[in-house]
Structures are given as C-alpha cells and as structure tokens.
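Let's take a walk through this model, starting from a single side chain and working outwards to the helices around it.

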Amino acid sequence: MNEPIIARHWLAIVAPKAAPAIATSTVLTLGRIWNANGAEHSVGNAALMVVLATGAATAGAFASAGRAGDPVIAGTAFAASGGLALAGVAGYADGISLPLLLWALATAVAYGLAARYWRTDRRDTIAHERHTIERHETHAHVERVEALRAGAQIEVARSGAAYATALAQALIHREALPGFDPAALTRAGLPELPTATDSRTEW
C-alpha cells in the first residue's frame, strides 16, 4: 500500500529553526521598550525581575532534579529564567551594549539546547523512515511470494484440466476403434469407465 506524500510548506520547515532567535529578539525588544517607559535605574523593577528569574531557575532545578525528571518542564523553567534575566537587564541598563551581549549569549545557548533536541528528533525520524521502508519491503516480498504461489497453483490447475480434457478426448476416440476393451484400461490403473448398460440403469 502506497502512503500519501505530504509536502511541508517552507514556513513549517524554517519556523522551528528561527524560533530561538525570534524568542530572544522579542524579549530584548520588549525590555528596551520597558526601559524607555521608565524601567531604567528602577531598583524595584530590577528587584522584581531578579526574584522572578531566580524563582524560574529554582523551579527548573527542582524539575530536573526530581525523581520524575521531566525535561520539558525543566527546559521551560530555565528558558523563562533566562528570558526574565535578559528582560531585566534590557530594561534596567543605560545603553544597548550589555543587553545586546546578553541577547547574543542567550541566543547561542538557546540554539545549543535546541540543537540537541533537533538531533534527537532527526534520529527518531530516520529510524521511523527506515522501519517503514523495511516494513514495506517485507510486505512487498510476501505479496510477491503469494502471487508466485497463486500463479503456480493456477498453472497446475490449468495443466490438470488440459490433461483431463485430452484424456477424455483420447478415450472417446479409442472407444470408436474396433477391439476396444474397457477392462484393459482398468487393469492399467485408469478408473473404470461406465458402460452403456450402467448409463441406462442410472436413467
């Protein structure tokens, strides 16, 4: 059975690769907007972002060190902590140099973490494709074997029918010859032929 071929849109292919840069750039932009609206040198705002970032990092540490060890929750918590720290620096700092430096660092770390998951996903995809190909080849081999077996059975049945027809025609022609002895055929191993008397008795 042939599976439908689904062509993915180029945006669906590019979007996961650009997601880390888009996320960090969005945080940097919002931080600078927050800076322009009064967050610069605001100790209260800076303390709030420090507390939030520390809380997110602590949640991530507990999620990764727990008995279950859920990597999705831990990764989300650490990403939130980094985003809050970046937003706090971008909102509190005077210039743009330090926020840009932290943005570049955060983007590099995000791509480093995402690359590991992309490699795992790629390995899983390749393994699934190989398994699918092997399954298709196995099914195709079974179908070919069954087709050959069915063809051989049909050919044997056709040959048997042709042989039976030829034997029946030969016996009919033999009956018309003088000196035909049905008992001789029975002695030779052929099935006993009904006689004309038996035919009349049946009717």
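Asn-35 has a relative accessible area of 9%, which is under the 20% cut-off, so this residue counts as buried. Keep in mind that you're looking at a predicted model. Asn-35 sits in helix H1, and its side chain reaches the backbone oxygen of Gly-91 at 2.8 Å. If you skip the neighbours within four places in sequence, Asn-35 is in contact with Glu-40, Ala-90, Gly-91, Tyr-92 and Ala-93.

Now slide back along H1, which covers residues 10-39, to Leu-30. Here the relative accessibility is 53%, so Leu-30 counts as exposed. Its C-alpha atom is 8.4 Å from that of Ala-90, although the two positions lie 60 residues apart along the chain.

Ala-90 is also a handy stepping stone to the next pair of helices, since it belongs to the H3 side of the contact between H3 and H4. H3 spans residues 71-92 and H4 residues 97-175. Their axes are 9 Å apart and make an angle of about 170°. Angles over 145 degrees count as roughly antiparallel, so that's the label for H3 and H4. Their crossing is left-handed.

Which residues in H3 and H4 meet? From H3 come Pro-71, Leu-86, Val-89 and Ala-90, and from H4 come Leu-98, Pro-99, Leu-102, Trp-103, Ala-106 and Tyr-117. Sorted by class, this contact has ten nonpolar residues, with no polar and no charged ones.

Conventions. Residues are numbered from 1 along each chain as its sequence is written. This is a predicted model: local features need pLDDT of at least 70, side-chain atom pairs count only at pLDDT 80 or more; totals for chains, interfaces and linings use all residues. Side-chain values use heavy atoms; hydrogens and water are left out. Axes are lines fitted to C-alpha atoms, for helices over the stretch in contact, and angles run from 0 to 180 degrees between N-to-C directions. Helices (H or I, at least four residues) and strands (E, at least two) are DSSP runs, numbered from the N terminus. Angles under 35 degrees count as roughly parallel, over 145 as roughly antiparallel, 65 to 115 as roughly perpendicular and the rest as oblique. A crossing is left-handed if the near helix is turned anticlockwise from the far one by less than a right angle, and right-handed if clockwise. Contact means heavy atoms within 4.5 Å. Ala, Val, Leu, Ile, Met, Phe, Trp, Tyr, Cys and Pro count as nonpolar, Asp, Glu, Lys and Arg as charged, and the others, Gly among them, as polar. Buried means under 20% relative accessible area, exposed over 50%, partly exposed in between (1.4 Å probe, protein chains only). A polar contact is a pair of N or O atoms within 3.5 Å; within protein, one must be able to donate a hydrogen and the other to accept it, and residues adjacent in sequence count only if both atoms are side-chain atoms.
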